[in-house]
Amino acid sequence: METQIEIPPAIFNTIVNATKVAALTGAGVSAESGVPTFRGENGLWRNRRPEELASMEGFLDDPRLVWDWYDWRRTTIASLKPNDGHYALAEMETVYENFTLVTQNVDGIHALAGSRDPVEMHGNIWYVRCLKEGTVMENREAPLQRIPPLCPKCNTMVRPNIIWFGEELDTETIKRAGSAARESEVFFVIGTSSVVQPAASLAGLAQRNGAVVVEVNLERTPLTDSVDLFLEGPSGKILPDLLRRICRARGFDV
Ligand code: BV8
């Protein structure tokens with residue numbers, strides 16, 4: 001049964017007729033696949049907060065504990081599948097002439113659903129980086145054979161190739177995310193609490209450059225008061241329904 005999402009006609013026309021569209025996703029888009037979110041009721045792990053674990057000081061203080069956390073997350077994620085929200089976002093790449101997916105998620109599930117080249121702002125949990133040489137390697141062991149894992153080339157400990165709190169994002173990634181937001185006519189913000197910077201500033205950047213900003217979330221966030229349209233509900237329901245309505249309005253028989 002379709003969700004009853006009310007969209008003002010002027011905004012709906014912009015969404016239907018846009019050529020340049022971008023979306024920013026957070027942990028909420030993977031929640032319906034079973035991936036724990038960060039700040040929800042299950043956002044704690046062994047009574048530690050993500051901000052403590054996902055940081056260089058946390059890692060250097062106890063690399064085994066931090067690798068246990070990542071191993072637990074990797075092993076959890078390895079068995080999970082994309083949900084209909086991921087698939088709808090992948091399909092938007094064919095519906096819109098120019099669609100860019102920007103994600104804060106490190107779970108790699110957008111690519112599994114068919115998103116061709118997601119901008120992974122915070123890295124990817126399936127890649128590790130040698131602390132000595134900086135080499136980035138794919139590592140999909142779940143669970144890890146050894147904790148902490150070592151570089152196969154030089155035997156030095158590796159870290160997750162993920163951006164931790166207090167660490168700078170990759171300049172190319174910031175550039176891609178920034179131009180996608182600046183150039184978009186419609187900017188979706190989906191399943192994120194919109195507290196982590198610099199990702200949380202992308203919606204404002206898009207809006208200042210003329211984009212209609214559409215937020216999809218189970219609940220209101222610090223961004224909600226400033227968006228053009230707030231669609232309250234699960235992204236795994238709302239996104240497929242919205243995509244069907246866009247395609248119908250364009251005359252496709254879906
Ligand atoms: C940097 C990798 C600077 C780890 C992550 C400016 C102001 C204030 C603070 C700062 C600032 N600039 C920098 C900071 C500090 C910090 C920051 O933003 N802190 C926050 C906590 C205030 N930022 C940084 O440190 C960044 N670095 O800016 O460096 C710098 C400059 C020069 C020199 C040196 C440094 C780096 C940030 C990256 C941190 N890494 N992840 C890992 O994943 O292991 S962030 C982490 O939070 C995840 O990536 C996660 O994606 C991200 C954001 O969380 P959300 O995705 O939003 O998830 P959350 O659980 O919070 O919310 C889920 C939402 O979904 C909820 O709203 C819920 O209602 C909704 N939902 C749930 N189910 C559904 C749903 N919605 C729809 N459908 C559903 N079914």
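**Close-up views of the ligand site and three backbone features**

Of the 37 residues around the ligand in this predicted model, those that come nearest are Arg39, Tyr70, Arg73, Gly166 and Ser193.

**View 1. The ligand in its pocket.** Let us start with the place where the ligand sits, which is the largest pocket. What kinds of residues make up the shell around the ligand? The shell divides into 17 nonpolar, 14 polar and six charged residues.

**View 2. Polar partners of the ligand.** This view brings together three residues and the ligand atoms they meet. An N or O atom in the side chain of His122 is 2.7 Å from an oxygen atom of the ligand. Asn217 also uses its side chain: one of its polar atoms there lies 2.7 Å from an oxygen atom of the ligand. With Ile163, the backbone takes part, as one of its N or O atoms there lies 2.8 Å from a nitrogen atom of the ligand. How much of the ligand does the protein cover? On its own, the ligand has 1500 Å² of accessible area, and the protein covers 76% of it.

**View 3. Helices and domains around the ligand.** Stepping back a little, we can ask which helices each supply at least two residues of the shell around the ligand. They are helix H2, residues 28–31, and helix H5, residues 63–78. H5 gives the largest share of the shell, with three residues. Why does the ligand lie between domain 1 and domain 2? Domain 1 (9–35 + 82–121 + 169–250) and domain 2 (50–79 + 128–162) both give residues to the shell, so the ligand lies between them.

**View 4. The loop between E5 and E6.** Here we follow the chain from strand E5 (136–138) to strand E6 (158–162), with Pro143 in the loop between them. The peptide bond joining Ala142 and Pro143 is cis, with omega about 5°. Asn155 lies in the loop between E5 and E6 as well. What is the sign of phi at Asn155? Phi is positive there, about 70°, although Asn155 is not a glycine.

**View 5. The loop between E7 and H9.** Our last stop is Pro198, found in the loop between strand E7 (186–190) and helix H9 (202–208). Which residue does a cis peptide bond join to Pro198? That partner is Gln197, and omega for the bond is about 5°.

Methods: Residues numbered from 1 in each chain as written. Predicted model: local features only at pLDDT ≥ 70, side-chain atom pairs only at ≥ 80, totals over all residues. Heavy atoms only, no water. Near = heavy atom within 4 Å. Polar contact = N/O pair within 3.5 Å; in protein donor to acceptor, adjacent residues only side chain to side chain. Areas by Shrake-Rupley, 256 points an atom, 1.4 Å probe, with all protein chains shown as cover. 1 Å grid on protein atoms, 1.4 Å probe; cavity = no way out; pocket = protein on both sides within 12 Å on 5 of 7 lines; lining within 4 Å. Sits in = over half its atoms within 2 Å of the grid points. Helix = DSSP H or I, 4+ residues; strand = E, 2+ residues; numbered from the N terminus. Nonpolar A, V, L, I, M, F, W, Y, C, P; charged D, E, K, R; others polar. Domains from an automatic or database assignment.
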